[in-house]
Amino acid sequence: MSCAEVFSYALLLKGAERAVRILELLEEGKREEVKTTLDALKGISPEAIRQLWRKGRIAEDLPTATGG
């Protein structure tokens, strides 16, 4: 899972007004990456975002757990 995806999930769960203020603090390249990811996630419910987060974390943890 990319850091832009993780950050976007967090921003969506925290609310739009915070997202705007936080995005302003990012450097231009990261800001655009996160905005693109946010746009792709619009309309997804908080529960669906939490499920995506869990699936991403499990997928990342699997190689470590299996020794790969």
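**Figure 1. The whole chain and its surface.** Accessible areas here come from the Shrake-Rupley method, run with a 1.4 Å probe. By that reckoning, the chain has about 4,900 Å² of accessible surface, and 57% of it belongs to carbon and sulfur atoms. Keep in mind that you're looking at a predicted model. What is the chain built from? It has 4 helices and 0 strands, so if you walk along from the N terminus, the elements read α-α-α-α. Of the 68 residues in the chain, 19% are buried. Now look at who touches whom: among contacts with a separation of 6 or more, 63% are between residues 24 or more positions apart.

**Figure 2. How confident is the prediction, element by element?** Averaged over the chain, the pLDDT is 78, and 88% of the residues get to 70 or more. Which element has the lowest mean pLDDT, and which the highest? Helix α1 sits at the bottom with 73, while α3 comes out on top with 86.

**Figure 3. Helix α1 and its buried side.** This helix covers residues 3–14, which makes 12 residues. From its first C-alpha to its last it reaches 16 Å, close to the 16 Å expected at 1.5 Å a residue. Try picking out the buried residues of α1: they are Ala4, Ser8, Tyr9 and Leu11. Why are they on the same side of the helix? Because they cover an arc of only 165 degrees around the axis, they share one side of α1. Just after the helix you'll meet Gly15, with a positive phi of about 115 degrees.

**Figure 4. Zooming in on the largest nonpolar core.** Six names to find here: Ala4, Leu11, Ala19, Leu23, Val34 and Leu38 make up the largest nonpolar core, 6 residues in all. Helices α1, α2 (16–23) and α3 (28–41) each chip in at least two residues of this core. In soluble globular proteins, nonpolar side chains tend to be buried together. Start with Ala4: leaving aside residues up to four places away in sequence, Ala4 touches Glu33, Val34 and Thr37. Then move to Ala19, which is found in helix α2. Buried or exposed? Ala19 has a relative accessible area of 10%, so Ala19 is buried. Its C-alpha lies 9.7 Å from that of Lys35, and the two residues are 16 residues apart along the chain.

**Figure 5. Helix α3, one side buried and the other turned away.** With 14 residues, α3 reaches 20 Å from its first C-alpha to its last, close to the 20 Å expected at 1.5 Å a residue. Its buried residues are Arg31, Val34, Thr37, Leu38 and Leu41. These residues cover an arc of only 135 degrees around the axis, which means they are on the same side of α3. Which exposed residues does the face turned away from the buried side carry? Look for Thr36 and Ala40. Just after α3 comes Gly43, with a positive phi of about 90 degrees.

**Figure 6. A closer look at Ala40.** You'll find Ala40 in helix α3. Why does Ala40 count as exposed? The cut-off for exposed is over 50% relative accessible area, and Ala40 has 62% relative accessibility, so Ala40 counts as exposed. Now trace across to Ser8, one of the buried residues of α1. Ala40 and Ser8 are 32 residues apart in sequence, and 9.8 Å apart in space, C-alpha to C-alpha.

Definitions and conventions:
Residues are numbered from 1 along each chain as its sequence is written. This is a predicted model: local features need pLDDT of at least 70, side-chain atom pairs count only at pLDDT 80 or more; totals for chains, interfaces and linings use all residues. Side-chain values use heavy atoms; hydrogens and water are left out. The expected span of a helix is 1.5 Å times one less than its number of residues. Buried means under 20% relative accessible area, exposed over 50%, partly exposed in between (1.4 Å probe, protein chains only). The arc is that of the directions from the helix axis to the C-beta atoms. A nonpolar core is a set of buried Ala, Val, Leu, Ile, Met, Phe, Trp, Tyr and Cys residues joined through side-chain atoms within 4.5 Å. Contact means heavy atoms within 4.5 Å. pLDDT is the predictor's confidence in each residue, from 0 to 100.
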